[in-house]
Amino acid sequence: SNMMDSEAHEKRPSILTSSKQDLSPHIANVGQMKHYLCGCCAAFNNIVITFPIQKVLFRQQLYGIKTRDAILQLRRDGFRNLYRGILPPLMQKTTTLALMFGLYEDLSYLLRKHISTPEFATCSMAAVLAGTTEAIFTPLERVQTLLQDHKHHDKFTNTYQAFKALKCHGIREYYRGLVPILLRNGSSNALFFGLRGPVKEYLPTATSHSAHLVNDFICGGLLGAMLGFLFFPINVVKTRMQSQIGGEFQSFPRVFKKIWVERDRKLTNLFRGAHLNYHRSLISWGIINATYEFLLKVI
């Protein structure tokens, strides 16, 4: 049903599903670990390329300012600060994308083996479970939010200090914004994996390696951009929740309502920065999907 399945299935019978040959479990494990490794490398590639765009977008989400003003703000901060805060997203994304792709593959396989539901249901369930597991790494996203907010620039200068600053508030403080993250991860994963196959089928048939690469880029990019736009308001709420240190834990509906009132109860104001997010997601998920599929064939 999805692109990864259609592409990975040709290779997988020899590793996993066929019982005719006595392959050692070790070889099967290497075959399975591949998806985690490819996801990890795809994330690394993407973060290094798109980090500055992400910073502009973050400032817009947090302060509701125009793109030009956000870029000027970063220019004032100087080049030295441009890649400030890259370590948490690097750690977070490489880990979560390794889990997203790897767990999705593992869980799909396990569910297919043990539950006789339609392919669509099995894949959706695997995607939601993978997305929920990714949420364990919320503290990394939390620290990334704090490091990117220039309000906190004088409080701490690196990831370690930010982690330490939250310690006195207890473990819950690291998981601020968990509800929006869970809402976002499960649903976007299910849609991403469920729609990859159908989207790729609509693209012109690839006959060369480079054409496959372009198709994977377009397919991942279009889906990433669409989902990024769809879940943009949830991320706005998450950013607001996570930019707070200490104090009361406010519920998702309460924070949403507060932002809604602040932004004159206009839906368009809630999507401020969404156009930049659209383009960033287009590039990011294009890079991620193309890198992932490319590595899957090479490794």
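**Group meeting: buried charges, cores and a nonpolar patch**

Hi everyone, let me start with Glu-173, which counts as buried at 2% relative accessibility. Please keep in mind that this is a predicted model.

So which residue does the side chain of Glu-173 meet in a salt bridge? The partner is Arg-176, with N and O at 2.6 Å. Arg-176 is buried too, since its relative accessible area is 3% and the cut-off for buried is under 20%. As general background, side chains of opposite charge can pair when their charged atoms come close.

How many salt bridges does the structure hold? There are 11, and I'd like to walk you through a few more of them.

Take Arg-196 and Glu-293, whose side chains meet in a salt bridge at 3.6 Å, N to O. Arg-196 belongs to helix 10, residues 178–202, and Glu-293 to helix 15, so this pair ties together parts that are 97 residues apart in sequence. Are these two residues buried or exposed? Arg-196 is buried, with a relative accessible area of 0%, and Glu-293 counts as buried at 1%.

Then there is Arg-240, which forms a salt bridge with Glu-262; their closest N and O atoms are 2.9 Å apart. Here Arg-240 sits in helix 12, residues 232–242, while Glu-262 sits in helix 13, residues 252–262, so the pair links parts 22 residues apart in sequence. Glu-262 is partly exposed, with a relative accessible area of 46%. And if you like networks, Glu-141, Arg-184 and Lys-238 are joined into one by salt bridges that share partners.

Let's move from charges to the nonpolar side chains. The largest nonpolar core has 44 residues, and Leu-97, Phe-101, Phe-192 and Phe-193 are those with the most contacts inside it. Which helix gives the largest share of this core? That is helix 5, residues 87–114, with nine residues. A second core, separate from that one, has seven residues, including Val-143, Leu-146, Leu-147 and Tyr-174.

Helix 4 is a nice one to turn around on your screens. Within this helix, residues 67–77, we find Ala-70, Gln-73 and Leu-74 buried. Looking down the axis of helix 4, the buried residues fall within an arc of 95°, so they line one face of the helix. The general point behind this is that an α-helix has 3.6 residues a turn, so residues three or four places apart point the same way. Which residues are exposed on the other side of helix 4? Arg-68, Arg-75 and Arg-76 are. Right after the helix comes Gly-78, with a positive phi near 85°.

Speaking of positive phi, there are two cases I'd like you to look at in the loop between helix 13 and helix 14. Asp-264 has phi near 60°, a positive value in a residue other than glycine. Arg-265, also a residue other than glycine, has a positive phi near 50°. For context, most residues other than glycine have a negative phi. Asp-264 is exposed, with a relative accessible area of 55%, and Arg-265 counts as exposed at 52%.

Now out to the surface. Val-214, Phe-217, Ile-218, Leu-222, Phe-229 and Tyr-278 make a nonpolar surface patch of about 490 Å². Helix 11, residues 209–230, contributes the largest share, five residues. Tyr-278 is found in helix 15, residues 274–298, and counts as partly exposed at 34% relative accessibility.

What does the UniProt record say about residues 213–234? The entry, which is unreviewed, annotates them as "transmembrane region". In the model, the chain over residues 213–234 is 95% helix and 0% strand, with its end C-alpha atoms 31 Å apart.

One last stop: Lys-151, in the loop between helix 7 (138–148) and helix 8 (159–167). Lys-151 counts as partly exposed, at 46% relative accessibility. How many residues along the chain lie between the positions of Lys-151 and Ser-243 in terms of spacing? They are 92 residues apart, and yet their C-alpha atoms are separated by 9.2 Å.

Thanks for listening, and I'm happy to take questions!

Technical notes: Residues are numbered from 1 along each chain as its sequence is written. This is a predicted model: local features need pLDDT of at least 70, side-chain atom pairs count only at pLDDT 80 or more; totals for chains, interfaces and linings use all residues. Side-chain values use heavy atoms; hydrogens and water are left out. Buried means under 20% relative accessible area, exposed over 50%, partly exposed in between (1.4 Å probe, protein chains only). Helices (H or I, at least four residues) and strands (E, at least two) are DSSP runs, numbered from the N terminus. The arc is that of the directions from the helix axis to the C-beta atoms. Patches are made of residues with over 30% relative accessible area and no salt bridge: like charges are joined within 9 Å, nonpolar side chains (Val, Leu, Ile, Met, Phe, Trp, Tyr) within 5 Å. Accessible areas come from the Shrake-Rupley method with a 1.4 Å probe; for residues, only the protein chains shown count as cover. A salt bridge is a side-chain nitrogen of Lys or Arg within 4 Å of a carboxyl oxygen of Asp or Glu. UniProt positions are given in the numbering used here, feature names are shortened, and annotations may be inferred rather than shown by experiment. A nonpolar core is a set of buried Ala, Val, Leu, Ile, Met, Phe, Trp, Tyr and Cys residues joined through side-chain atoms within 4.5 Å.
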